[in-house]
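Me: I have a model open and want the terms pinned to values. Take me through it, definition by definition.

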Amino acid sequence: MRNTLQKARAFENKYLPRVEGTDILPRFHMTAGVGWINDPNGFSLYKGEYHLFFQYYPYDVKWGPMHWGHVKTKDFVHWDRLPCALAPDMPYDKDGCFSGGAIELPDGRHLLMYTGVRNVRRSNGLAVGYQTQCIAIGDGVDYQKYEGNPVLDEKDLPEGGSPIDFRDPKIWFEDGKYWAVAGNRPADGSGSILLFESEDAIHWKYSSNVANCHNQFGKMWECPDLFELDGKTVLMTSPQDMNSMGLEFHPGNSTLCIIGTFDKKIRHLLRDNIQAIDYGTDFYATQSLLTPDGRRIMTAWMQSWESSGSKVKKLPFFGQMILPRELHVKDGRLIQNPVREIEDFRAYKISYQNVMISQETNLQGVSGRFLDMTVRVRPGNRNNMYRYFKINVAVDGERATLIRHKPENSTLRVDRSRSGFPHDIVNTRDFPVTAGDELKLRIIMDRYSLEIFVNDGEQAASFVIYTPITADSISFSCDGTAVIDVEKYELIV
Ligand code: FRU
């Protein structure tokens, strides 16, 4: 069975050199180079470098038996490839090494905690995947699965918990102990987040129920992460089967952030606020780490499951991660901004102040597809608010990706229906923004993506685009009049 990993590594050695250094890869967003990726896993500081693993099927651009791919970075911008770390090669994980976390042990080894999936055929002929939590320990390149796996299984679940939906452990160390949160499906059929504890990160037991869905916010809660931030406790999770709720949550696979207080006696999260994490079309399965300088940095899969069948055929890889974000809590809400490291790669600054916009306008030098651009928008006439303010990016004769502010109902719309997709997928999102005296939009673009940060991180929204890279014009227009400042940098990575 060990051959499964060797086969994946041999495949990478053969096919990755054909992709590395070519201009089909994003410049600074992490992708696999070959095959399919979904959730980030094991995002952790190990021996002074940040390691990132990911759900990975090397052989095709669609989901298959899950491996763990592996990269590392010093700056969240350059990603060095490492060989495939885990393959589904044991009886307890033969149908997939699903998502999980990682931590550096005191003896200098790196521990991965993941979900092992084993399909079992039921009497009705249907196969179900039994999910258990497993560990593997290694040196930052090679990992050995623990002989005592699984370390958590059905018998560790509280009553009513489902062994079929029991996954995605995220591990951390606090108050002299190891802790892990995992998603589970309790008797009410929706989701819950369970907490487990361990003295040595190897022997685990159930600790408490941290939060429940109660069929209110989707069903199964996947990929949980729990951490302290700015005096609050934050739980992030990705619910399946969400119903839409106004402009906050969209249907299907969505993301959720609960901000509150952790009651240490009952080890349960008391909620103050619940909100979406990202308001774009492509964002799922968050995972965070703490840097030595105290920053909480989050990454996520920049993709949605719903549109994951829509591919540009010639690409040998599918799926990418967001540009990692620095998180804060302010006034009970989550604040997200791109990692500050990206600013080291800014070049060729172009700036404009107080430009009056009404007709469609191009500003000299404001164009490009690898960029970090901030636009501040104010009404041209305070007594007569504009109806719409629009920025079109990735524009050529046929294509454009639209960002549109509508003050009347305080929304931002992004429309990528002319952004190079070969299928009719979800292309438009509207989401609430606040614009007091001005609206501030920071736009980060890479070869296949657009990420927008509103008002210094009050909202973030991620979109995959496949517009040909030659479509690099940017235009501004307004129904009414607006006054804008623009600061644009090219990102040279
Ligand atoms: C979330 C998820 C996880 C699971 C993994 C399988 O996207 O469904 O719950 O561990 O993907 O690839």
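Reply: Start with polar contacts. A polar contact is a pair of N or O atoms within 3.5 Å; within protein, one must be able to donate a hydrogen and the other to accept it, and residues adjacent in sequence count only if both atoms are side-chain atoms. This is a predicted model, where local features need pLDDT of at least 70, side-chain atom pairs count only at pLDDT 80 or more, and totals for chains, interfaces and linings use all residues. Residues are numbered from 1 along each chain as its sequence is written, and side-chain values use heavy atoms, with hydrogens and water left out.

Me: What makes the Trp305 pair with the ligand a polar contact?

Reply: A polar side-chain atom of Trp305 lies 3.0 Å from an oxygen atom of the ligand. The cut-off is 3.5 Å, so the pair counts. Asp39 also places a polar side-chain atom by a ligand oxygen, at 2.7 Å. For Asp168, an N or O atom of the side chain is 2.5 Å from an oxygen atom of the ligand. Taken alone, the ligand exposes 320 Å², and the protein buries 95% of that (Shrake-Rupley method, 1.4 Å probe).

Me: Which elements give two or more residues to the shell around the ligand?

Reply: They are β1 (35-46), β5 (97-104), β9 (166-174) and β13 (221-229). Strands here are DSSP runs of E, at least two residues, numbered from the N terminus.

Me: How many residues surround the ligand, and which are the closest?

Reply: The count is 13, and the closest are Asp39, Gln55, Arg167, Asp168 and Glu222. A residue is near if one of its heavy atoms lies within 4 Å.

Me: Why is Thr255 called buried?

Reply: Its relative accessible area is 3%. Buried means under 20% (1.4 Å probe, protein chains only), so Thr255 qualifies. Thr255 sits in the loop between β14 (232-239) and β15 (256-263). Its side chain reaches the backbone nitrogen of Ile277 at 3.5 Å. Contact means heavy atoms within 4.5 Å. Among the residues Thr255 touches are Phe249, Gln275 and Tyr284.

Me: How do you know that β5 and β6 pair?

Reply: Two strands pair if DSSP finds at least two bridges between them. β5 and β6 (residues 110-121) have seven, in the antiparallel sense, so they pair. Cys97 stands opposite Gly116 in β6. The hairpin of β5 and β6 has five residues between the strands, and Gly108 there takes a positive phi near 90 degrees.

Me: What links β6 to β7?

Reply: β6 and β7 (residues 127-138) pair antiparallel over twelve bridges. Met113 stands opposite Ile135 in β7.

Methods:
Helices (H or I, at least four residues) and strands (E, at least two) are DSSP runs, numbered from the N terminus. Buried means under 20% relative accessible area, exposed over 50%, partly exposed in between (1.4 Å probe, protein chains only). Lists of a residue's contacts leave out its neighbours within four places in sequence.
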